[in-house]
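Trainee: I've got a new structure on my screen and no idea where to start. Could we talk it through together?

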Amino acid sequence: MKITTLLLFALGAGLGLAQTPPPAPLSNEPPENPGRIDPALPTIFVAGDSTAARAKAPQQGWAVAFAPYLDLTKVNLSNRALGGRSSRTFITQGWWEKLLADVKAGDWVLIQFGHNDASPVNEDPSTPREKMRSRGSLPGLGEETQDIVNVLTEKPETVRTFGSYLRQMIRDVRAKGATPILLSPTIRCEWKDGKIERGGPHRRWAREVAQAEGVWFVDVSRLVADAFQRLGEEKVRTFFPKDHTHTNEAGADAVAQQVVAGLAGLKEANFARWLAPAGAALKADPIGWLNLPEPRDPKLPTLLLIGDSTVRNGRGDGAGGQWGWGEPLAAHFDPAQVNVVNRAIGGLSSRTFLTQGHWERALTLLKRGDVVLMQFGHNDNAPLNDTTRARGTIRGTGEQTEAIDNLLTHERETVGTYGSYLRRYIREAKAAGATPVVCTLVPRKIWKDGKIVRANDGYAAWAREVARQEGVPCIDLNERVAARYDTLGEKAVEALFADEHTHTSRAGAELNASIVAAELARLAGAEPALAAFRPKN
């Protein structure tokens, strides 16, 4: 059968998943660039599937809506995305080779696949030919292969994993002196209990490949899910006129805005140099560089951590030798039983974790039966108002407030007490059906008379008081960890820190995590709501 006929069979559905109803038939040739290509300019190429590709109304892909946000006098845009393709078939059908032939040094290649990779590797021969796709990749990131006789092409083929195809694309782009950037897939308009689906395993695998290969990654799934969650189900459904995967023009624009925000948020990428005024007006994603996790399996109960750098430092990768205790805590749980999701962010107080939108984003991940483990205090003692961080809270647990003109955000703000912010987290976690657990702040490495200084007249005492008032469990990390340090002595404790007195080394983080795990085990035996969160050791 001629290749054009074969391609038409593969294109006919343009599916995001096998059960998606087919959209209007698409062209056999992907669009190049709407307008001229200036060889003197860098080019942004898009390799992807129907969620990015040009389509017929009412369907439209985000990479079409992406163009108005770029200054096309400074950069070219070449959208090579093609409906119905997976990472595998984009390569095996020759579309990747065609794209790569036009790539030059200094270009960017945005790579986004996943929806069609979940399709069958090879259809049953009894499948009607017009429904054959044979486009799925093997799940995962390894080097496993499967030899088949492709029922569509009628030729032998060695099928590889999703990760393997992405790695090939990364290597090929780098060999041309260009920059590969992985994007997680767009999300489907699937809602449950008022929350939108946040993507499947291909999202996680794309992230993990990017980490392993050292390439930039834009978590489009997270960005779009967060934006759509704010818009609400009723509005978002208007973006999907035919099925739950493919957007119309308005939906494509909403997704494109998040892609722009994600690219603009990449540190050191300098994407802003290529933005038109419409693109420059969009707020860059402030947290993409942090590589924050989400539940691996949304069906499992989740232990969600919120806090500051003593819980998660930077990207959670040990940069500068500094680790928060939330990273090694995950090793104390069976990943087949519990998700451990560390959403703590360095430099924040109980106030700025809220005002910068991190709590709102964390709440979207919560479901009934989850647990929220919170630890704040180290940064709450900072100034209420300044031009650098403006993160301090009013001391104590009362309801006092202070209205300020925030010198950092240039907005009017009413600042509350440390205790008032903890109460808000506790009450909103309960409203989401989760169980809040308060942790007192881990102690600093400050010695007095041979013992670690406690915070019993400050944030530790206030955290305990709020937990008692709200009737929720409290893990007194300030006392438990300090007591362990006292026993170890100054010389041994020195090796547990990676800076003067606040941020722990890996060994220090593991020690603190073991104390948290032991306390959770104790609570799990006494609190029915925590029974599912008993550590494995």
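Here is a short chat about the sheet and the aromatic rings in this predicted model.

Trainee: Okay, in what order do the strands of the open sheet run?

Mentor: It's a sheet of five strands with parallel pairing. The edge strands, β2 (76–79) and β9 (216–218), each pair on one side only, and β3 joins β6 over four bridges. Put together, the order is β2-β1-β3-β6-β9.

Trainee: Which helix packs on the sheet and touches β3 and β6?

Mentor: Start from where those strands pair: I111 stands opposite L182 in β6. The helix covers residues 162–175, and its direction makes about 155° with that of β6. That's helix α5.

Trainee: W108 and W216 form an aromatic pair, so how far apart in sequence are the parts it ties together?

Mentor: The rings lie 5.9 Å centre to centre, with 65° between the planes, and that's edge-to-face. W108 lies in strand β3 and W216 in strand β9, so the parts tied together are apart in sequence by 108 residues.

Trainee: Is W216 buried, partly exposed or exposed?

Mentor: Its partner W108 has 2% relative accessibility, so W108 counts as buried. Buried means under 20% and exposed means over 50%. W216 has 26% relative accessibility, so W216 counts as partly exposed.

Trainee: Last one: the charged end of which residue sits over the ring of W274?

Mentor: W274 belongs to a cluster linked by ring pairs, with W108 and W216 among the members. The charged end in question is 4.1 Å from the ring centre of W274, and it belongs to R273.

How values were computed: Residues are numbered from 1 along each chain as its sequence is written. This is a predicted model: local features need pLDDT of at least 70, side-chain atom pairs count only at pLDDT 80 or more; totals for chains, interfaces and linings use all residues. Side-chain values use heavy atoms; hydrogens and water are left out. Two strands pair if DSSP finds at least two bridges between them. Helices (H or I, at least four residues) and strands (E, at least two) are DSSP runs, numbered from the N terminus. Contact means heavy atoms within 4.5 Å. Axes are lines fitted to C-alpha atoms, for helices over the stretch in contact, and angles run from 0 to 180 degrees between N-to-C directions. Rings of Phe, Tyr and Trp (its six-membered ring) pair if their centres lie within 6.5 Å; planes under 30 degrees apart count as stacked, over 60 as edge-to-face and the rest as tilted. Buried means under 20% relative accessible area, exposed over 50%, partly exposed in between (1.4 Å probe, protein chains only). A charge sits over a ring if NZ of Lys or CZ of Arg is within 6 Å of the ring centre and within 35 degrees of the ring normal.
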